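Visitor: I would like a close look at a single part of this model. Please pick one helix, show me what surrounds it, and then lead me outward to other parts.

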Amino acid sequence: MSTPGVLTFTQQAWEQVLAKVKRAVVYLDAACAESLHWGCGSSRLLEAVGNSACYLREFEPAAVAGGAEQPKAVFVLSCLLKGRTVETLRDIICRSHFQYCVVVTAVNHAVHLTANHVPPAAAAELEGQQPVFEQLEEKLCEWMGNMNYTAEVLHVPLLLACAAPHLALTPAFASLFPLLPQDVHILNRARSDKRRLGNLAEVDATTLTPELLLTIRCLVSGLSSLCEHLGVREECFAVGSLSRIIAADLANFAPAKNRRKTATGRASVVFVDRTLDLTGAVGHHGDNLVEKILSVLPQLPGHTNDVMVNMVELTALQAKEENQNMVAPGCLAQSNDPAAKALWEALLNTKHKEAVMEVRRHLVEAASRENLPIKMSMGRVTPGQLTSYIHLFKNNLKALGNHCGLLQLGLATVQTLKHPQTAKWDNFLAFERLLLQSIGESTMSVVLNQLLPMIKPSNQRTNDDYSPEELLVLLIYIYSVSGEFSVDKDLGEGEEKVKKALAQVFCEESELSPLLQKITGCDSSINLTFHKSRSAVDELFTSLRDIAGARSLMKQFKSVYVPGNHTHQASYKPLLKQVVEEIFNPKRPDPVDIEHMSSGLTDLLKTGFSMFMKVSRPHPSDHPLLILFVVGGVTVSEAKMIKDLVPSLKPGTQVIVLSTRLLKPTNIPELLFTTDRLHPDLGF
């Protein structure tokens, strides 16, 4: 039996689903499909269905119904069974000929009671009963047209997409993002008869919108199931305002109380708000091949953490644009291919140069095993060299099948190395380093003036110039790394010049990108007036000011900027690194910004007595397992940094990095400027 971890948690959850799917039509929503994709792969699902005419379908209102020869359906859903989700279920079933329906939800029954406004006291009396699921089972039979048909509704915690043994994502919560000061004003507008909230520190669960509160509860439901699988009683800690609410909800999650009594292991779960440090999310200092692959290759449709790899080169088709969509794309997740999985994990954990050499080594070894006529060459690895190795497999169907996963990762590497955006990565890095030096020596207005000449309309831009989306990435970097700054006349004038130039550039785009369409509210540049563009840019700068002040409520983690001196240049120190170093500080001071969330009266008494008696307060370094959850996304480089740092500070400590999504620099403008943070879409 494998040691319990994020991968065994995901695989065991999917085994429960696979046990139900024999000879069924299977409908999956995007988040569950992504969990399957990384956890055990769609081939495992196809095997479990065991029908030559197997049908996997996306769960959506327009989904194809089941025919007369398809009596069984399994619906695998990441969300609450309520509202639009139930309406879609009804529409599909009423159009089909099903006699047996199974509905799997990743959200446990206790959260369904909350969503249906059942008071906690009444919910406690229903322990062991599942009235919401039972009522839906009756409805399923009604929609199938015969109350004697079979219907089953069950909870399976399909929370995670496991990128590696130390790193897992939560696809259903990919758009969950910490709140900003501007969100406090929105919350206050809905509190006309109540006390006004002064800042984010005063925001708690009682002040949130119902949609956000339910989203948090759904996430907590899955995390509680993970802790149960790991056999741990968790102590919850938080850095940041939204993290504090999530940590408190997990600490006081009623269904977790009984399992904690019998848990033999212990763990610290530390939640951290992404908004406290967006520098790491948009910066280009991560010397990692996977980060570049994620940044330059197109996103796999319906996924938040994988990309499309063009496989045309392994076919007889010519590599022309019109042939791109004729061959199914490859991807990075290789859950059923041990050799490719080993290479993937090596790529996650090595620097760019070593990673490229590792790809070459794997290709050479695979070609040698297949007795392919390989010509060895040492020295620097080039895209052409890798391509020549990959082409050896092209006309050998057996070799192609044996090493399909490896070839997908090889082609992803080649396409990334040859991509024009990869050359631009170094330009970003050089400018970011220049900014770090400028921030220490100049005012914010001078820094903004350095950016001004780089804001060019589309008809004046070359390939080396920055697009509007890339300029937003640089602005986020500037405001996040600078932190709080004094607002003066020069800054106002500097911002005004940048705003005007940016608004003009938006207007002069020949075609608005999806991000600019969302930001401006216009689907075409023809409809975008300067007034609309300027209003949108003003809103962007409100968010940028919020980001600059994101650490203002911190006492210890006030800065990610390290000023230069006569021996060292100015540098960036990741907030996550500061948090981990503080957790494992050998002096074990009481954490200042890492708040402990009490899970009941005992913890409260312990905390209270510790103020005047020698009672040890819970500390995040107390336990052999640290689960660090970054709310709002994490980069591959950050996950590697945490994985390497924890055992160096406290040998023997195991660490798991969880986050809502894997980040690339261009994700942040969308999450920051276009996400409705207070009203996430729950499907109803």
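Guide: Let us start with helix α18. This is a predicted model, and in it the buried residues of α18 pack against α13 (289–296), α14 (338–348), α15 (352–369), α16 (383–391), α17 (397–402) and α19 (420–441). Helix α18 itself covers residues 404–418. It has 15 residues and reaches 21 Å from its first C-alpha to its last. That is close to the 21 Å expected at 1.5 Å a residue.

Now look at burial. In α18, 12 of the 15 residues are buried, so the helix is largely enclosed by the rest of the structure. Follow them along the chain. The buried residues begin with Gly405, Leu406, Leu407 and Gln408. Leu409, Gly410, Leu411 and Ala412 are buried too. Thr413, Val414, Gln415 and Thr416 complete the list.

Take one of the neighbours, α13. Two packed helices are described by the angle between their axes and the distance between the axes. The axes of α13 and α18 come within 9 Å and cross at roughly 75°. That makes α13 roughly perpendicular to α18. Which residues meet there? From α13 come Leu289, Lys292, Ile293 and Val296. From α18 come Ala412, Thr413 and Thr416. By class, the contact of α13 with α18 has 4 nonpolar, 2 polar and 1 charged residues. Ala412, Thr413 and Thr416 also belong to the buried residues of α18.

Next, find Leu407 in α18 again. Leu407 is one of the residues in contact with Phe393. Phe393 sits in the loop between α16 and α17. Phe393 and Leu407 are 14 residues apart along the chain, and their C-alpha atoms are separated by 8.6 Å. Is Phe393 buried or exposed? Phe393 has 0% relative accessibility, so it counts as buried. Set aside its neighbours within four places in sequence. Phe393 then contacts Leu363, Ala366, Ala367 and Leu372. Ala399, Leu400, His403 and Leu407 are in contact with it as well.

Now step to the loop between α15 and α16, the place of Asn371. Asn371 is exposed, with a relative accessible area of 69%. Check its backbone. Most residues other than glycine have a negative phi. Phi of Asn371 is near 55°, a positive value in a residue other than glycine. Arg588 also has a positive phi, near 45°. Look for Arg588 in the loop between α25 (575–583) and β12 (595–597). Its relative accessible area is 41%, so Arg588 is partly exposed.

From here, go to helix α1, residues 6–18. Helix α1 has 13 residues. From first C-alpha to last it reaches 18 Å, close to the 18 Å expected at 1.5 Å a residue. Its buried residues are Val6, Thr8, Phe9, Thr10, Ala13, Trp14, Val17 and Leu18.

Helix α1 has a partner in α9. The two pack at an angle of about 105°, with their axes 10 Å apart. So α1 and α9 are roughly perpendicular to each other. On the α1 side, the contact is made by Val6, Thr8, Phe9 and Gln12. On the α9 side, Gly222, Ser225, Leu226 and His229 take part. The contact of α1 with α9 divides into 3 nonpolar, 5 polar and no charged residues.

Stay in α9 for a moment. This helix spans residues 210–230 and holds Ser224. Ser224 is buried, with a relative accessible area of 5%. Leave out residues up to four places away in sequence. Ser224 then touches Leu250, Phe253, Ala256 and Arg259.

One last pair: α4 (residues 84–94) and α7 (residues 131–144). Their axes come within 8 Å and cross at roughly 30°. Therefore α4 and α7 are roughly parallel to each other. Their crossing is right-handed. Helix α4 brings Val86, Leu89, Arg90, Ile93 and Cys94 to the contact. Helix α7 brings Leu136, Leu140, Trp143 and Met144. In the contact of α4 with α7 there are 8 nonpolar, no polar and 1 charged residues.

Terms used
Residues numbered from 1 in each chain as written. Predicted model: local features only at pLDDT ≥ 70, side-chain atom pairs only at ≥ 80, totals over all residues. Heavy atoms only, no water. Helix = DSSP H or I, 4+ residues; strand = E, 2+ residues; numbered from the N terminus. Expected span 1.5 Å × (residues − 1). Buried < 20%, exposed > 50% of the residue type's maximum accessible area, 1.4 Å probe, protein only. Contact = heavy atoms within 4.5 Å. Axes fitted to C-alpha atoms, helices over the stretch in contact; angles between N-to-C directions. Parallel < 35°, antiparallel > 145°, perpendicular 65-115°, else oblique. Left-handed = near helix turned anticlockwise from the far one by under 90°. Nonpolar A, V, L, I, M, F, W, Y, C, P; charged D, E, K, R; others polar.
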